[in-house]
Amino acid sequence: MNSFQTIEEVNDYFEKQLESLYQNYTAKLQIVEKNKIQIYMTLQRQYEEQLIALEQRKQNEGNLLKQNSDLAVGKIKLLFENKIQIILEKYKSDYSEEVNGYRENKVEMLGQMQVEERVIFKHYQHQQMELLRQGGQSRQLVAGFEQKMDNLQSALLNLCEKYEHQFSLLEEKHEEKYELLEQMRDEAIEQLLDSEKASQNQLEDQLFEKLQNLNEKIEQQRDILEQELIEKEHSLEEMVNTERERIELDYEQKCNEVFEQQEQALAQID
């Protein structure tokens, strides 16, 4: 310990010691505060970077969900377009088959009509020959021929009426079949369009649900990050307070030591 001659020397010396302790004390507190600010800013920067990364992840996953949904919608659209094309091709095939069948039946009916016409004419010719073989007066022959001609015309007229009715029935049946084919085609296409719309709506609902789940998951992770930040800031505050208390305690102990040394020095002078 230094040798002091007067009380002023003692007080002056120990005042300088106390001043040095105080400056060292305040310097340590400033360092603690500076470190606290730096760590706090680092925590804030990390938190903001995590939020940015989380938002980017949300956008990326959302875009991927939308892309996958669009691909699925495109596949469904293509699938139903192919199914509609198959229906149209089947309709064309069935219609062509119906037209061919209608024409064949019509040709067959015309052939049958011609056969019956030939039978009638052949019968008429046979009756004419019979009248000629039987002979008779001219007036009787003329009357007989006129009667046979009337019979021929009547038979031909009946034949025409018969086949006109059959042709009408054939045409009506053909029109009914054509309308039925059109109806079946339109109903099948309508059902496919309804199914396609239902599938697209289902995909839209699934996309909405997945995006909603993604938003909820991101919000939960935001809450977790925020809670972690709060906990880190709380831990930082506790650490800083502990360090301040340690510095203050150390400062008080050293000040007490200086006071004791000052008292000892003053006692020696007395």
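Arg-222 is a good place to start: you'll find it in helix 2, which covers residues 138-269. Its side chain makes a polar contact with the side chain of Glu-55, at 2.5 Å. Keep in mind that this is a predicted model, so everything below is computed from predicted atoms. The chain itself has 2 helices and 0 strands.

**Arg-222 and its surroundings**

- Not counting residues up to four places away in sequence, Arg-222 touches Leu-51, Leu-54 and Glu-55.
- Glu-55 is therefore on that list of touching residues, and the Arg-222 side chain also has its polar contact with the Glu-55 side chain.
- Leu-54, another residue that Arg-222 touches, is a member of the largest nonpolar core.

**Overall shape**

- Picture something stretched: along its principal axes, the C-alpha trace spans about 195 × 15 × 15 Å.
- With 2 helices and 0 strands, there isn't much else to keep track of when you trace the chain.
- The radius of gyration comes out at 58 Å, while the globule rule gives 18 Å for 270 residues, so the chain is more spread out than a compact globule.
- Of the 270 residues in the chain, 21% are buried.
- Take the contacts with a separation of 6 or more: 91% of them come from residues 24 or more positions apart.

**The nonpolar cores**

- The largest nonpolar core has 12 residues, among them Tyr-25, Val-32, Leu-43, Tyr-47, Leu-214 and Ile-218.
- Both helix 1 and helix 2 give two or more residues to this core.
- Which helix gives the most? That would be helix 2, with 7 residues.
- Leu-229 belongs to this core too, and beyond its neighbours within four places in sequence it is in contact with Leu-43, Gln-44 and Tyr-47.
- There's also a second, separate core of 11 residues, which includes Tyr-102, Ile-120, Tyr-163 and Phe-167.

**Aromatic rings**

- The structure holds 7 aromatic pairs.
- One of them is Tyr-25 with Tyr-251, a stacked pair with 4.3 Å centre to centre and 15° between the planes.
- Tyr-25 lies in helix 1 (residues 7-134) and Tyr-251 in helix 2, so this pair ties together parts that are 226 residues apart in sequence.
- Is Tyr-25 buried or exposed? Its relative accessibility is 14%, so it counts as buried.
- Tyr-91 and Tyr-95 are stacked as well, because their ring centres are 6.1 Å apart and their planes sit at 20°.
- This time both partners lie in helix 1, 4 residues apart, about one turn of the helix.
- Tyr-91 counts as buried at 13% relative accessibility, whereas Tyr-95 counts as partly exposed at 31%.
- Ring pairs also link Tyr-22, Tyr-25 and Tyr-251 into a cluster.

**Charges over rings**

- Arg-185 lies over the face of Tyr-91, at 4.4 Å from the ring centre.
- That gives Tyr-91 a charged partner alongside its stacked ring partner, Tyr-95.
- Over at Phe-80, the charged end of Lys-83 sits over the ring, 5.2 Å from its centre.

**A few residues to look up along the helices**

- Ser-69 is found in helix 1, and at 10% relative accessibility it counts as buried.
- Which residues does Ser-69 contact, leaving aside its neighbours within four places in sequence? They are Leu-203 and Leu-207.
- Val-142 is in helix 2 and counts as partly exposed, at 44% relative accessibility.
- Val-142 and Leu-131 are 11 residues apart in sequence, and their C-alpha atoms are 9.8 Å apart in space.
- Lys-197 also lies in helix 2, and at 47% relative accessibility it counts as partly exposed.
- How far apart are the C-alpha atoms of Lys-197 and Ile-247? These two residues are 50 apart along the chain, and the separation is 74 Å.
- Ile-247, by the way, is one of the residues in the largest nonpolar core.

Methods: Residues are numbered from 1 along each chain as its sequence is written. This is a predicted model: local features need pLDDT of at least 70, side-chain atom pairs count only at pLDDT 80 or more; totals for chains, interfaces and linings use all residues. Side-chain values use heavy atoms; hydrogens and water are left out. A polar contact is a pair of N or O atoms within 3.5 Å; within protein, one must be able to donate a hydrogen and the other to accept it, and residues adjacent in sequence count only if both atoms are side-chain atoms. Contact means heavy atoms within 4.5 Å. Rings of Phe, Tyr and Trp (its six-membered ring) pair if their centres lie within 6.5 Å; planes under 30 degrees apart count as stacked, over 60 as edge-to-face and the rest as tilted. Buried means under 20% relative accessible area, exposed over 50%, partly exposed in between (1.4 Å probe, protein chains only). A charge sits over a ring if NZ of Lys or CZ of Arg is within 6 Å of the ring centre and within 35 degrees of the ring normal. A nonpolar core is a set of buried Ala, Val, Leu, Ile, Met, Phe, Trp, Tyr and Cys residues joined through side-chain atoms within 4.5 Å. The radius of gyration is taken over C-alpha atoms; the globule rule is 2.2 Å times the number of residues to the power 0.38.
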